[in-house]
Amino acid sequence: MTSGFTGCSSGSSSDNPTNPNTSNPDGGGLVYSGPPPQTADVQSFKLNVWDNLAGDDRCGACHLEGGSGPTKFVHRGDINTAYAAANTLVDLGSPSNSEMVSKVAGGHNCWTSSPSVCADIITNYIEGWASIVGGDPNVIVLDPLPPEKIRDPGEAKFIPSTEQGNDFDDIYGLLTTYCAACHTENGGQQPFFASANRALAYEAAKSKIDINAPEKSRFVVRLRNESHNCWSNCGSDATEMENAIVAFADTVTANVIDTTNLVVSKAMNLEDGIAANTGGRYESNVIALYEFSEKLRTDVAFDTSGVDPAMDLTLSDEGVTKLPTFGLRFEGGRAQASTSASAKLHNLISSTGEYSIEAWVVPANVTQEESRIVSYSGGGEVRNFMLGQTLYNYDFFNRSTVTDANGGPALSTDPDEEVLQASLQHVVVTFDPINGRRLYVNGEYTEDLDESGPGLINEWDDSYAFVLGSEAGAQIGDDTTWQGSVRLLAIFNRVLTDEQIAGNFEAGVGEKFLLMFSVSHILEIEDAYVVVQAEQFDVGSYLFSEPFFQILDSTVDPNDIVLRGMRIGVNGAEAKVGQAFGKLDVRITNASYAELSRQPLSRLGAVIAKGIDVQTDEFFLTFDQLGLRQSNRPAEGPVVIADPVIVDTQSRLGLRTFEEIDATIAAFTGVSRANAAVKQTFENVKRQLPAVPNLNTFGSSHQMGVVQLAASYCGELVDNTSARGNYFPGFDFNAGVAAAFNGAGRSAVIDPLIERLLSNNLPDVPTSELPLGSGAGAPPASMSEVVTDEVNALIDRLLGCATCGTGAARTQTIVKAACAAAASNAVVMLQ
């Protein structure tokens with residue numbers, strides 16, 4: 001097929017400095033006046049693709065009537081002609097595989113500094129066109145693989161984990177002769193691949209050697225291409241190093257899959273797969289989108305929504321880095337858009353009066369407070385919106401007619417639920433003038449109610465800046481900075497429905513590929529595949545998940561296919577660990593297959609170690625049985641059971657952590673955690689309270705912190721006439737100490753405390769099970785008697801003070817002390 005893009009200039013970013021404003025459609029100011037669209041699909045093409053690409057600064061300089069581009073997909077005289085031309089360049093089933101996308105990805109007429117960003121933007125345009133009118137999610141459609149992509153697994157070599165014999169001699173000789181001045185412990189420059197310790201040098205050198213392509217080894221490239229520390233002539237020196245690596249590689253035996261005894265699929269690389277990271281996502285009404293897929297620019301995160309102006313984020317010089325698996329890691333830095341670009345949030349959200357923020361985040365810890373994850377603000381005290389973190393809570397600030405200029409009070413998740421965790425989480429916040437603010441975590445509504453109620457956002461300020469990880473103008477590492485990672489971020493100028501939020505959660509995040517492993521040669525069925533979703537899990541491994549079987553010819557039924565024991569192979573060998581699909585035993589019947597026109601195989605995921613690198617690793621599948629073919633695996637040796645590891649006996653008891661202690665005392669006293677006085681005390685003593693539940697970490701400072709917090713809660717309880725009356729019915733708080741603490745008076749104070757302390761079905765443990773030690777007299781019979789005796793003894797000591805007064809004020813002070821003693825009991829501390 002002749003490319004429909006020949007004839008246009010390469011179009012550097014300097015030639016195309018501005019983008020059309022898609023908030024004012026029709027091709028950046030163009031007014032279409034030709035024949036009307038003949039179908040709804042033509043209209044969808046116009047709204048999503050033509051309007052965004054017809055301007056002179058994108059595709060309208062060439063691909064129109066009279067232009068040099070051979071395909072007229074932005075024909076300005078007839079949208080129906082443009083539609084027909086565009087259909088030859090797009091794959092609506094898999095937009096990222098469209099020729100229109102691949103051509104721009106190769107550098108053709110890209111209007112930004114990164115061709116991959118232009119490709120992402122056009123992919124989003126095509127996905128918008130492909131979506132059914134009304135905003136259905138993107139769905140990936142599979143097509144048969146072309147013959148050139150169906151191949152047998154190859155062979156590959158791996159550097160041995162430890163040196164075998166003297167094979168490393170030639171490389172090591174060059175390194176110790178010419179690199180020892182720097183790359184040794186004395187030279188101080190890591191890695192120490194010229195160390196006198198040969199084992200250490202070998203370990204450091206392994207990552208610099210490519211035994212499958214010696215000319216690509218880092219040692220060779222540094223000499224030949226970068227002229228680094230050459231000892232004679234860089235070209236000849238590089239050849240000498242390359243020959244040493246070739247000699248080393250010749251001693252390594254390649255992995256070759258045993259196709260005689262194993263049932264083996266065809267092979268695939270990641271780049272052979274279908275990009276699946278947008279599959280099933282709802283993305284209508286998105287006005288800013290950060291997928292963080294561009295890897296060449298380390299200083300910018302691009303807005304790939306295609307809605308102008310592009311709200312690209314500039315990364316601070318320190319404290320924020322790009323992740324190899326898509327995303328940004330924040331360690332005190334921030335990523336900030338310009339105020340002029342940020343104004344599109346004000347303009348496009350104000351026009352609807354509602355919005356949603358969707359983020360995949362990984363908080364680094366649950367101890368940071370009032371940290372900013374996403375903020376549209378003018379500083380630390382004024383903002384239009386903000387999604388933040390306080391300990392285990394997500395906080396949502398939104399400036400409206402019923403909140404202040406800072407967007408407060410915040411809507412926060414329930415601290416008792418500890419919804420926020422230091423793990424990958426999907427978080428969505430929405431606002432509209434009917435329901436106000438709402439919070440969703442991992443696809444589910446948290447049911448936290450917006451006590452401020454609904455309002456209007458007509459007081460937003462368009463001069464604020466959009467920022468991730470901190471506030472506009474904040475210093476690196478100040479109190480507002482957030483620690484964690486953002487894997488994906490999208491902003492919509494409409495409220496997402498519960499179903500759309502759940503769908504986006506199910507779609508997941510990250511660069512994912514559908515690897516279509518052909519098994520037609522095994523089953524003798526055309527276009528039969530086992531499809532597995534694959535992604536780079538971290539820097540050293542892949543995640544394979546959601547495998548399914550499918551025949552792409554809809555007229556062919558599976559007719560009862562047996563699939564047992566599926567394993568993943570990498571570079572000519574089955575992975576030694578992580579084979580989660582090894583126990584599969586599935587029968588693919590016509591009935592089970594018919595429901596989805598495919599057969600899901602497992603809900604498990606398999607984490608497999610990376611082989612050589614992401615670009616060259618080749619994968620395949622093996623089966624104990626597929627159809628009528630069975631593997632003849634050699635018998636496995638006996639399982640070697642290691643000696644058991646003797647560990648110290650672990651206590652069945654643990655400490656409540658600071659948040660749990662605060663919640664426990666609040667429940668014990670009935671005083672709200674939001675009470676200003678107790679909240680301030682909690683902030684003051686929080687760092688004195690346990691941060692982890694390990695009983696061995698208990699210290700005296702913990703007990704002192706609990707006592708101070710308990711005293712604050714009890715003080716608020718007793719100072720509130722109504723609350724204390726309900727808590728201690730029958731006790732006279734206005735009487736002097738002598739009358740107040742007679743026999744009945746003491747019981748009126750102590751009994752409610754014991755009842756609250758031993759509530760929640762906590763057993764009244766016999767003292768024979770308690771470590772009370774030995775002493776004179778008969779011990780009390782139960783825990784409740786222990787606490788009663790302690791509180792009675794405290795009241796006696798306080799009544800014995802001759803200079804402390806005897807009036808009603810002293811009575812109330814003694815009740816506060818009795819309450820604090822009970823509230824700081826070990827029952828509160830332990831769990």
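**Packing, pairing and backbone features of the predicted model**

Leaving aside neighbours within four places in sequence, Ser217 is in contact with Lys208, Ile209, Asp210 and Ile245. The model examined here is predicted. Ser217 sits in the loop that runs between α7 (198-205) and α8 (218-224). Its relative accessible area is 1%, so Ser217 counts as buried.

Ile245, one of the contacts of Ser217, also takes part in a helix pair. Ile245 is among the residues of α9 that meet α6. Helix α6 spans residues 169-178, and helix α9 spans residues 234-250. The two axes lie 8 Å apart and make an angle of about 150°. Angles over 145 degrees count as roughly antiparallel, and α6 and α9 are therefore roughly antiparallel to each other. From α6, the contact is made by Asp170, Ile171, Leu174 and Leu175. From α9, Glu240, Met241, Ala244, Ile245, Ala247 and Phe248 take part. Eight of these contact residues are nonpolar and two are charged. No polar residue is included.

A second helix pair involves α19 (residues 743-757) and α21 (residues 808-823). Here the angle is about 25°, with the axes 10 Å apart. Angles under 35 degrees count as roughly parallel, and α19 and α21 are therefore roughly parallel to each other. The crossing of α19 past α21 is right-handed. Val749, Leu753 and Leu757 contribute from α19. Val815, Ala818, Cys819 and Ala822 contribute from α21. By class, this contact has seven nonpolar residues, with no polar and no charged residues.

The strands were examined next. Eight strands form an open sheet in the order β5-β6-β9-β18-β11-β12-β13-β14, with antiparallel pairing. Its edge strands are β5 (300-301) and β14 (411-412), each of which pairs on one side only.

Within this sheet, β18 is flanked by β9 and β11 in the strand order. Strand β9 (residues 335-336) is joined to β18 by two bridges, and these strands run antiparallel. Ala335 has Leu468 of β18 as its bridge partner. On the other pairing, β11 and β18 are linked in the antiparallel sense over four bridges. Tyr376 stands opposite Phe466 in β18. In a regular strand the side chains alternate between the two faces of the sheet. In β18, Ala465 and Val467 point to one side, while Phe466 and Leu468 are on the other. All four are buried, and both faces of β18 are thus covered.

Strand β11 (residues 371-377) also pairs with β12 (residues 383-390). That pairing is antiparallel and extends over six bridges. Ser371 has Gln389 as its bridge partner in β12. Ser371 also marks a long-range approach. The C-alpha atoms of Ser371 and Asp478 are separated by 9.7 Å, although the two residues are 107 residues apart along the chain. Asp478 lies in the loop that links β18 (465-468) with β19 (483-492). Its relative accessible area is 24%, so Asp478 is partly exposed; the cut-off for buried is under 20%.

Several loops carry less common backbone geometry. Most residues other than glycine have a negative phi, and most peptide bonds are trans. Two peptide bonds that precede proline depart from this pattern. The bond from Asp308 to Pro309 is cis, with omega near 0°. Pro309 belongs to the loop between β5 and β6 (313-315). The bond from Gly408 to Pro409 is also cis, with omega near 5°. Pro409 falls in the loop between β13 (393-398) and β14.

Positive phi values occur at Glu418 and Asn571. Glu418 has a phi of about 50° although it is not a glycine. This residue, Glu418, is found in the loop between β14 and β15 (425-432). For Asn571, phi is near 55°, again in a residue other than glycine. Asn571 lies in the loop between β23 (561-570) and β24 (573-574). With a relative accessible area of 3%, Asn571 is buried.

Note on methods:
Residues are numbered from 1 along each chain as its sequence is written. This is a predicted model: local features need pLDDT of at least 70, side-chain atom pairs count only at pLDDT 80 or more; totals for chains, interfaces and linings use all residues. Side-chain values use heavy atoms; hydrogens and water are left out. Axes are lines fitted to C-alpha atoms, for helices over the stretch in contact, and angles run from 0 to 180 degrees between N-to-C directions. Angles under 35 degrees count as roughly parallel, over 145 as roughly antiparallel, 65 to 115 as roughly perpendicular and the rest as oblique. Contact means heavy atoms within 4.5 Å. Ala, Val, Leu, Ile, Met, Phe, Trp, Tyr, Cys and Pro count as nonpolar, Asp, Glu, Lys and Arg as charged, and the others, Gly among them, as polar. Buried means under 20% relative accessible area, exposed over 50%, partly exposed in between (1.4 Å probe, protein chains only). A crossing is left-handed if the near helix is turned anticlockwise from the far one by less than a right angle, and right-handed if clockwise. Two strands pair if DSSP finds at least two bridges between them.
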